[in-house]
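Dear colleague,

I am passing on the structure we spoke about, together with some notes for when you open it. Please look through the model first and then read on.

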Amino acid sequence: MIENKNQSKTQVEQLGEFGLIKHLTKNFSTTQSSTLKGVGDDGAVLDFTGDKVVVSTDLLIEGVHFDLAYAPLKHLGYKAIVVNLSDICAMNAVPTQVTVSIAVSNRFPLEALEELYEGIALACNYYKVDLIGGDTTSSQKGLIISVTALGKAQEEDLVYRTNAQDNDLLVLTGDIGGAYMGLQVLEREKQVYLVNPNNQPDLSPYDYIIERQLKPEARTDIKQLLAELDVKPTSMIDVSDGLSSEIMHLCTESKVGCNLFEEKLPLDPQFINTCEEFNIDSTTIAINGGEDYELLFTVKMEDYDKIKGNPNLTVIGHMTQESEGVHLITRDNTKIPIKAKGWNAL
């Protein structure tokens, strides 16, 4: 997309902090019955009437979590909401509200922030969550986004990382690895662009995996799906840092081991083709890539018949005794110890 260099830009300083917040949030409305007071006062007021409240916070920092060379601000706003809602889903809860705080440098005009908040509004509308507050401040360099998500659940519905048992089945939603390979494609095209700015890449062969990277979705559908199947997970986590890392978290917190089966990993054909193009092993990327925002959970063995054949769910392994350790069982039946090699921001 060729940028219009002549478009007018409004300096954020012209509005001031409160004017900026009012401007960016003027089109947001509240839809959740638990939101008594949203944006516009010293604090939001919520009433969950008996439900338990779930809270999660994430930071997105330019140069660490995203690159504006290929991440459109509207997509970034959408993704900032999604990655936080995914944490609420991983508790088997329903997302209800978010707060959004940003720190921006003076290279971002008002129009850029409006684009960011368009994406935030799109996600809020799609997932039916209310924006109820936040903060704005200046940054010496780059853009920083902090989102806090709130959700609700009945106490008996909440799922933690701590209750997986020996012989439980390990289940994954969707497919994995696409977000990482989408990032590799974008990074490659960025390098091509830096050499030849007139080059316009054809990204259509990679549309699915690029969307997985730039505009992921939160699995808000899984709580209801499991309820309809009459399945209560014994433990759950979202796949943000890589499958291997998340399995290790579940095993550590639940004091169990795990056998993960390579042949069971759900991989999209576009992901597999791109791995071949880059000459990268698809299994390595699938278990270490991260940013898929799928849900990983365990269920009791007797629940297998309830979930088998469901297109949203794949049984990829089973839990073992802690003493057996955590292993990948390859296609040729070799047992390889799993070490967490997923994303680490530190």
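Below is what was found in it, beginning with a sheet and ending with two loop residues.

Please bear in mind throughout that this is a predicted model.

The sheet is an open one of seven strands, arranged in the order S8-S10-S7-S11-S9-S12-S13, and its pairing is mixed. At its edges lie strand S8 (235–239) and strand S13 (335–337), each of which pairs on one side only. Neighbouring strands of this sheet are turned against each other by 25 degrees on average, if direction is ignored.

Within that order, strand S11 (residues 313–321) is joined by five bridges to strand S7 (residues 169–173), and the two run antiparallel; in this pairing Leu169 stands opposite His318 in S11. S11 is also joined to S9, again antiparallel and through five bridges, and here Gly257 has Thr320 in S11 as its bridge partner.

Strand S9 (residues 256–261) deserves a look of its own, as five of its six residues are buried and the strand is mostly covered. With strand S12 (residues 326–329), S9 pairs in the parallel sense over four bridges, and Phe261 has Ile329 in S12 as its bridge partner.

Turning to the helices, the axes of helix H4 (residues 178–195) and helix H8 (residues 269–278) come within 10 Å and cross at roughly 45 degrees. Angles from 65 to 115 degrees would count as roughly perpendicular and those under 35 as roughly parallel, and H4 and H8 are therefore oblique to each other. The crossing in which H4 passes H8 is left-handed. On the H4 side the contact is made by Gly178, Met181, Gln184, Val185 and Arg188, which meet Phe271, Thr274, Cys275, Glu277 and Phe278 in H8. Sorted by character, the residues of this contact divide into five nonpolar, three polar and two charged.

Finally, there are two loop residues whose backbone you may wish to inspect. Asn167, in the loop between strand S6 (144–153) and S7, has a phi near 80 degrees, which is a positive value in a residue other than glycine. With a relative accessible area of 43%, Asn167 is partly exposed, because that term covers values between the limits of 20% for buried and 50% for exposed. Glu291, which sits in the loop between helix H9 (282–288) and strand S10 (294–299), likewise has a positive phi, near 65 degrees, and is a residue other than glycine.

With best wishes

Note on methods. Residues are numbered from 1 along each chain as its sequence is written. This is a predicted model: local features need pLDDT of at least 70, side-chain atom pairs count only at pLDDT 80 or more; totals for chains, interfaces and linings use all residues. Side-chain values use heavy atoms; hydrogens and water are left out. Axes are lines fitted to C-alpha atoms, for helices over the stretch in contact, and angles run from 0 to 180 degrees between N-to-C directions. Angles under 35 degrees count as roughly parallel, over 145 as roughly antiparallel, 65 to 115 as roughly perpendicular and the rest as oblique. A crossing is left-handed if the near helix is turned anticlockwise from the far one by less than a right angle, and right-handed if clockwise. Contact means heavy atoms within 4.5 Å. Ala, Val, Leu, Ile, Met, Phe, Trp, Tyr, Cys and Pro count as nonpolar, Asp, Glu, Lys and Arg as charged, and the others, Gly among them, as polar. Two strands pair if DSSP finds at least two bridges between them. Buried means under 20% relative accessible area, exposed over 50%, partly exposed in between (1.4 Å probe, protein chains only).
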